[in-house]
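Trainee: I am new to this structure and would like a close look at a single part of it. Please take me through the sheet and what packs on it.

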Amino acid sequence: MKQSWRPGTMIYPLPAVLVSCGDQDTSNFLTVAWTGTICSDPAMCYVSVRPERYSHDLIKRNMEFTINLTTADMAKATDWAGVRSGRDFDKWKETGLTPEPGVAVACPSIKEAPVSIECRVRDIISLGSHDMFIGEVLNVLADERWLDPETGKFNLEKAGPLVYTHGGYYRQGDYIGHFGFSVKKKK
């Protein structure tokens with residue numbers, strides 16, 4: 001039997017990402033788990049950020065952000081960036097993460113991230129506790145360390161992607177099957 005609970009956000013796991021923002025003079029990053037894909041063509045995704053967060057104003061002012069996927073090796077920095085404010089700390093210095101100049105946006109990406117997704121804000125929707133920044137993907141940066149040398153396929157799984165589940169961080173689980181495996185014809 002299932003219990004009825006008050007309305008809440010129980011869609012887990014979610015990627016634990018670091019969203020970088022700002023420009024060459026003033027940049028920051030924050031931890032976000034309220035993120036995802038919302039359209040394939042054109043490629044669009046979103047991040048939801050509380051208006052009181054320091055990075056909220058940086059994103060709104062520059063109308064750009066970069067979603068940096070994280071790994072288990074980045075877990076401590078990812079958590080730290082979510083509980084400390086860029087108003088009070090230089091997160092680059094404190095976490096040891098490395099800013100790299102954006103390619104299609106002015107804000108930096110994070111060198112240690114296996115994938116960085118550069119976005120331009122298309123819309124901002126105020127939803128209550130968070131504002132949703134809808135971003136059109138302008139460029140994707142993929143770290144060559146995770147490319148299979150024989151196939152050229154990107155192996156994010158080997159990087160140990162970090163996910164967030166109901167208050168905790170976890171390494172992504174075991175491989176079960178590829179998209180469409182349930183209907184694949186047997187040879």
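**The sheet and its helices**

Mentor: Strand β6 (residues 64–69) pairs with strand β9 (residues 115–126) in the antiparallel sense, over five bridges. One residue pair shows where to look: Thr 66 has Glu 118 in β9 as its bridge partner. Keep in mind that this is a predicted model.

These two strands belong to an open sheet of seven strands, in the order β3-β2-β6-β9-β10-β5-β4, with antiparallel pairing. The edge strands are β3 and β4 (35–39), each of which pairs on one side only. On average, neighbouring strands of this sheet are turned by 35 degrees against each other, direction ignored. As a general point, strands of a sheet pair through backbone hydrogen bonds, either parallel or antiparallel.

Next, the β3 end of the sheet. β2 and β3 form a hairpin with four residues between them, and they pair in the antiparallel sense over six bridges. Val 19 has Leu 30 in β3 as its bridge partner. β3 is mostly covered, with five of its six residues buried.

Helix α1 (residues 54–62) packs on the sheet, where it touches β2, β3, β5 (44–49), β6, β9 and β10 (131–142). The direction of α1 makes about 55 degrees with that of β2. Which residues of α1 are buried? They are Ser 55, His 56, Leu 58 and Ile 59. Seen down the axis of α1, its buried residues fall within an arc of 165 degrees, so they line one face of the helix. Those buried residues pack against β2, β3, β5, β6, β9 and β10. Just after α1, Met 63 takes a positive phi of about 60 degrees.

The nonpolar cores come next. The largest has 20 residues, of which Val 19, Val 47, Ile 59, Phe 65 and Ile 67 touch the most other members. The elements that give two or more residues to this core are β2, β3, β5, α1, β6, β9 and α4 (156–159). β9 gives the most, with four residues. To see one member in detail, take Val 19: leaving out residues up to four places away in sequence, Val 19 touches Asn 28, Phe 29, Leu 30, Val 32, Val 47, Ile 59, Phe 65, Thr 66, Ile 67 and Asn 68. A second, separate core has nine residues, including Phe 29, Met 74, Trp 92 and Ala 113.

The other helix to look at is α2, which lies across β2 and β3 and runs at about 100 degrees to β3. In α2 (residues 75–83), Ala 77, Thr 78 and Ala 81 are buried. These three cover an arc of only 100 degrees around the axis, which puts them on the same side of α2. On the other side of α2, Lys 76 and Val 83 are exposed. What do the buried residues of α2 pack against? Their partners are β2 (17–22), β3 (27–32), α3 (91–95), β11 (162–165) and β12 (168–171).

To put the parts together, β2 and β3 are touched by α1, and α2 lies across these strands as well. β6 and β9, the pair at the start, are also touched by α1, and each gives two or more residues to the largest core.

Definitions and conventions:
Residues are numbered from 1 along each chain as its sequence is written. This is a predicted model: local features need pLDDT of at least 70, side-chain atom pairs count only at pLDDT 80 or more; totals for chains, interfaces and linings use all residues. Side-chain values use heavy atoms; hydrogens and water are left out. Buried means under 20% relative accessible area, exposed over 50%, partly exposed in between (1.4 Å probe, protein chains only). The arc is that of the directions from the helix axis to the C-beta atoms. Contact means heavy atoms within 4.5 Å. Two strands pair if DSSP finds at least two bridges between them. Axes are lines fitted to C-alpha atoms, for helices over the stretch in contact, and angles run from 0 to 180 degrees between N-to-C directions. A nonpolar core is a set of buried Ala, Val, Leu, Ile, Met, Phe, Trp, Tyr and Cys residues joined through side-chain atoms within 4.5 Å.
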